[in-house]
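Here is a short tour of one protein model, written for someone who likes to keep the coordinates open while reading. Please have your viewer ready.

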Amino acid sequence: MRIAYSPKDNKGRSSVAHLCTDDSVFDAPTTFPGCETPLDYADSHSKVMSAIADLHITSFDIAFAKEGHVLLRYSAEGSHCGNPHNGIAPTGNKAKWHAAAIFEVRDGKIYSFTKEWDKLHMWKQLGWMRGDEYA
């Protein structure tokens, strides 16, 4: 989480490849379409991180681990103060949101990663939507 949610340290797949199994899988089709592995997610998420250059996790609301599974539900906030996002210049708008991640760990590495996140709620706050075009 520290690497993935660091605007400075997240450089895409090269930042997290050492943490994942060779056959790892990722599931979040509505929020990260086309991403099939945690490495794909890291590439996509690094673009978001470059736009929200001050993003930080404010709290871990729920965290537990049992028998090779880890669940993290967290709250985060940040503003569009970095790079343009999908052609939208930095708005300076601030956003707060919640998300959850479920990991299956095998031999100390991430095998599967399921992400739950209402990105539209965040995008609206940041000014990344013109209306309800993605709803």
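The report below goes from the overall fold to a few individual residues.

## Overall fold

This is a predicted model, so please read every value below as computed from that prediction. The protein's secondary structure consists of three helices and five strands. Starting at the N terminus, the order of elements is α-β-α-β-β-β-β-α. With a radius of gyration of 15 Å, close to the 14 Å that the globule rule gives for 135 residues, the protein is as compact as a globular protein of that length.

If you align the view to the principal axes, the C-alpha trace spans about 45 × 30 × 25 Å. Among contacts with a separation of 6 or more, 54% join residues 24 or more positions apart.

## Surface and charge

Of the 135 residues, 40% are buried. The exposed area of the protein is about 7500 Å², and 53% of that comes from carbon and sulfur atoms.

On the charge side, there are 15 positive and 17 negative side chains. The centres of these two sets lie 6 Å apart.

## Aromatic pairs

How many aromatic pairs does the structure hold? There are nine aromatic pairs. One of them joins F26 and F113: the ring centres are 4.9 Å apart and the planes meet at 70°. Because planes over 60 degrees apart count as edge-to-face, this pair is edge-to-face.

F26 belongs to strand β1 (residues 20-27) and F113 to strand β5 (residues 109-117), so the pair ties together parts that are 87 residues apart in sequence. Both F26 and F113 are buried. They also take part in a cluster linked by ring pairs, which contains F26, F32, Y41, F103, F113 and W117.

## The loop between β3 and β4

Three residues of this loop are worth a visit. Start with H85, placed between β3 (69-79) and β4 (94-106). Is H85 buried or exposed? Its relative accessible area is 8%, and buried means under 20%, so H85 is buried. Setting aside residues up to four places away in sequence, H85 touches V48, A51, H80, W123 and W128.

N86 is found in the loop between β3 and β4 as well. N86 is exposed, with a relative accessible area of 62%. N93 also lies in this loop, and at 32% relative accessibility N93 counts as partly exposed. Beyond its neighbours within four places in sequence, N93 is in contact with G78, S79, H80, Q125, L126 and G127. The C-alpha atoms of N93 and G127 are 6.8 Å apart, while the two residues are 34 positions apart in sequence. H80 appears in both contact lists, as a partner of H85 and of N93.

## Backbone angles to check

Most residues other than glycine have a negative phi. Which phi does N86 have? Although N86 is not a glycine, its phi is positive, at about 50°.

D107 has a positive phi of about 50° too, and D107 is not a glycine either. This residue is found in the loop between β4 and β5. With a relative accessible area of 84%, D107 is exposed.

Key
Residues numbered from 1 in each chain as written. Predicted model: local features only at pLDDT ≥ 70, side-chain atom pairs only at ≥ 80, totals over all residues. Heavy atoms only, no water. Helix = DSSP H or I, 4+ residues; strand = E, 2+ residues; numbered from the N terminus. Rg over C-alpha atoms; globule rule 2.2 N^0.38 Å. Buried < 20%, exposed > 50% of the residue type's maximum accessible area, 1.4 Å probe, protein only. Contact = heavy atoms within 4.5 Å. Areas by Shrake-Rupley, 256 points an atom, 1.4 Å probe, with all protein chains shown as cover. Lys, Arg positive; Asp, Glu negative; His and termini not counted. Charge placed at Lys NZ, Arg CZ, Asp CG, Glu CD. Phe/Tyr/Trp six-rings, centres within 6.5 Å; stacked < 30°, edge-to-face > 60°.
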